[in-house]
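Visitor: I'm new to this structure, so please pick a single part and take me through it slowly. I'd like to hear how that part ties in with whatever surrounds it.

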Amino acid sequence: SALITNVSSVAAGSNVIATLGTASLLYTDRVYTVTTLPVYLNTLEYVRTANGDRGNTSPNYLTLALASDASVFVVFNGSDNIPGWLDSTWTLRTETVTSSDGAGDPRKIYSRTYAAGTAILGGKNAPPNGAGTESNFFVPAAPIYAILTAPGAGNVSGSSVTVTADP
């Protein structure tokens, strides 16, 4: 089932929810594609934004409706200043994304956890600090699976979880 159930924008460009992979389009209004990406982003749902919206300064540029708790990623142009909304609540990852566009590569990846409901992201050039003329960002998301355990000790090994209850 869909994680991102709806996306809306205050900008004029269109946005599309699709599945991310190599050769995926970066934008709704350009033909540039992803050439490399980390394995953990492969096959995730993502919001493809309009590159024509790259100058947007709104603090409420994109609104995503999330069906469940999610890790939301922003794949951001590597050569532009970072807008104020990509603050300390976001984690800059060490991995990068490259594209057939080339401008702004390697693209930086930021991540943050959101609860099910609404996630609001600002525009690429939102103040303070946001400035630059390069490419817009795109937004992959991954569900977070909660594991409920009985009181007691638990061990994780590979893909299995063993829980032992208190005596």
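Guide: Let's start with a term: a salt bridge is a side-chain nitrogen of Lys or Arg within 4 Å of a carboxyl oxygen of Asp or Glu. With that in hand, keep in mind that you're looking at a predicted model. A search of the whole structure turns up five salt bridges, and I'd like to stop at Arg107, which takes part in a salt bridge with Asp101 and in another with Asp105.

For Asp101 and Arg107, the N-to-O distance is 3.3 Å. For Arg107 and Asp105, the closest N and O atoms are 2.9 Å apart. Through these shared partners, Asp101, Asp105 and Arg107 are joined into one network.

How open to the outside is each member? Arg107 has a relative accessibility of 0%, so it counts as buried. Asp101 comes out at 18%, and because buried means under 20%, Asp101 is buried too. Asp105, with a relative accessible area of 24%, is partly exposed.

Another of the salt bridges links Glu95 and Arg93, whose closest N and O atoms are 3.4 Å apart. Here Arg93 is partly exposed at 29% relative accessibility, and Glu95 is partly exposed at 28%.

Now for the strands around here. Arg107 belongs to β8, which covers residues 107-114, while Arg93 and Glu95 fall in β7, residues 91-99. β7 and β8 run antiparallel and are joined by four bridges. One spot to look for is Thr91, standing opposite Ser111 in β8. β8 also pairs with β6, again in the antiparallel sense, over seven bridges. There, Val72 stands opposite Arg112 in β8.

Follow β6 and you get to the nonpolar inside. The largest nonpolar core has 24 residues, and Leu62, Leu64, Val74, Trp90, Leu121 and Phe137 are those with the most contacts inside it. β1, β5, β6, β8, β9 and β10 each give two or more residues to this core, with the largest share, four residues, coming from β6. Apart from this core lies another of 15 residues, including Ala18, Leu20, Tyr46 and Ile109.

Val74 is a handy place to see how things come together. Beyond its neighbours within four places in sequence, Val74 is in contact with Lys108, Ile109 and Tyr110, and also with Trp85, Leu86, Trp90, Leu121, Phe137 and Phe138.

Just before β6 comes the loop from β5, and that's where you'll find Asp69. Asp69 is partly exposed, with a relative accessible area of 37%. A polar atom of the Asp69 side chain lies 2.9 Å from the backbone nitrogen of Ala116. Setting aside residues up to four places away in sequence, Asp69 touches several others, among them Leu3, Tyr114, Ala115 and Ala142. Asp69 and Ala142 are 73 residues apart in sequence, yet their C-alpha atoms are 8.6 Å apart in space.

On the other side of that loop, β5 belongs to an open sheet of three strands, in the order β1-β5-β9, with antiparallel pairing. β1 and β9 are the edge strands, each pairing on one side only. Direction ignored, neighbouring strands in this sheet are turned by 20° against each other on average. β5 and β9 are joined by five bridges, and Leu66 has Gly117 as its bridge partner in β9.

Conventions: Residues numbered from 1 in each chain as written. Predicted model: local features only at pLDDT ≥ 70, side-chain atom pairs only at ≥ 80, totals over all residues. Heavy atoms only, no water. Core = buried A, V, L, I, M, F, W, Y, C linked by side-chain atoms within 4.5 Å. Buried < 20%, exposed > 50% of the residue type's maximum accessible area, 1.4 Å probe, protein only. Contact = heavy atoms within 4.5 Å. Polar contact = N/O pair within 3.5 Å; in protein donor to acceptor, adjacent residues only side chain to side chain. Pairing = 2+ DSSP bridges. Axes fitted to C-alpha atoms, helices over the stretch in contact; angles between N-to-C directions.
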